[in-house]
Amino acid sequence: MQINKFIDHTLLKPAAAAAEIDALCDEAKQYSFASVCVNPCWVKRCAERLKGSGVKTCTVIGFPLGANTTEVKVFEAGDALKNGAEELDMVINIGALKSGMFEDVYHDIKLIRNLGKNFVLKVILETSQLTDAEKIKVCELASCAGADFVKTSTGFSGGGAVEADVKLMAAHITKGMGVKASGGIKNLETAKKMIAAGATRIGTSSGIAIIKGL
């Protein structure tokens with residue numbers, strides 16, 4: 001198993017400085033991670049530094065609360081793509097989901113998907129805030145809207161990835177979609193458990209520790 005290819009090497013702390021972002025990119029190149037995942041303000045810098053390396057530039061949309069309007073999320077996504085992002089991890093409107101406003105949740109995803117097919121779209125559920133029925137509903141909405149992945153967590157709302165959620169999500173998405181486990185994955189043992197549960201991507205700030213665990 002080439003576990004490095006599962007890893008989105010992540011740095012989303014608001015105080016992260018340019019030198020740390022550069023180091024993140026260089027580490028991702030060294031270990032041939034799938035992507036780096038950074039806040040939108042760093043997308044252009046990362047895309048330029050990673051050019052030709054095979055490592056993708058990933059950013060977050062509506063992060064970390066998901067409570068922006070659809071119009072703002074679509075603008076943010078378009079701006080990120082213009083700056084060189086190849087993967088977008090967007091947070092659903094959790095309050096809308098809990099209100100039964102499923103069409104609003106769907107349109108958040110669908111209108112970003114409508115920006116094109118040349119980027120990977122991951123939909124963040126924030127599983128720690130949802131019931132199992134709500135998790136299943138988001139998986140269905142994301143599948144219908146044409147997302148490429150569903151993702152467990154932002155890592156900013158008090159809960160991370162757990163195996164049961166990964167299994168549940170993997171069982172309720174369209175064939176060909178992936179599951180990204182993110183939040184609290186800090187070592188090789190945990191990463192392997194998530195992959196065994198059905199994760200096809202791992203979001204972590206501990207990618208090097210995971211690789212060294214091999």
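This report describes the strands, one helix, the nonpolar cores and two individual residues of a predicted model.

## The barrel

Eight strands close into a barrel, following the order S1-S2-S3-S4-S5-S6-S7-S8, and their pairing is parallel. On average, neighbouring strands of this sheet are turned by 25° against each other, direction ignored. In general, the strands of a sheet pair through backbone hydrogen bonds, either parallel or antiparallel.

One pairing can be followed in detail: strand S4, residues 87-91, runs parallel to strand S5, residues 120-124, and five bridges join the two. Val91 stands opposite Ile124 in S5. Elsewhere, helix H1, made of residues 18-31, lies across strand S1 (7-11) and strand S2 (35-38), and runs at about 165° to S1.

## Helix H5 and its buried face

Helix H5 covers residues 102-113, twelve residues in total, and spans 17 Å from its first C-alpha to its last, which is close to the 16 Å expected at 1.5 Å a residue. Its buried residues are Val105, Asp108, Ile109, Ile112 and Arg113. Seen down the axis of H5, these buried residues fall within an arc of 130°, so they line one face of the helix.

The cover over the buried residues of H5 includes strand S3 (56-61), S4 and S5, together with helix H3 (70-82), helix H4 (94-98) and helix H6 (132-145).

## Nonpolar cores

The largest nonpolar core has 61 residues, and Leu88, Val150 and Ile202 are those with the most contacts inside it. Leaving aside its neighbours within four places in sequence, Ile202 is in contact with Phe6, Ile7, Asp8, Lys180, Ala181, Ile185, Ala191, Met194 and Ile195. Apart from this core lies another, of seven residues, among them Cys37, Phe63, Val91 and Ile124. In soluble globular proteins, nonpolar side chains tend to be buried together.

## Two residues compared with the cut-offs

Ser182 is found in strand S7, which comprises residues 178-182. Its relative accessible area is 8%, and since buried means under 20%, Ser182 counts as buried. Beyond its neighbours within four places in sequence, Ser182 is in contact with Lys151, Thr152, Ser153, Gly160, Ala161 and Gly203.

Met101, by contrast, lies in the loop between H4 and H5. Its relative accessibility is 39%, and because partly exposed covers values between 20% and 50%, Met101 counts as partly exposed. Met101 and Lys13 are 88 residues apart in sequence, and their C-alpha atoms are 31 Å apart in space.

Conventions
Residues numbered from 1 in each chain as written. Predicted model: local features only at pLDDT ≥ 70, side-chain atom pairs only at ≥ 80, totals over all residues. Heavy atoms only, no water. Pairing = 2+ DSSP bridges. Helix = DSSP H or I, 4+ residues; strand = E, 2+ residues; numbered from the N terminus. Axes fitted to C-alpha atoms, helices over the stretch in contact; angles between N-to-C directions. Contact = heavy atoms within 4.5 Å. Expected span 1.5 Å × (residues − 1). Buried < 20%, exposed > 50% of the residue type's maximum accessible area, 1.4 Å probe, protein only. Arc of directions from axis to C-beta. Core = buried A, V, L, I, M, F, W, Y, C linked by side-chain atoms within 4.5 Å.
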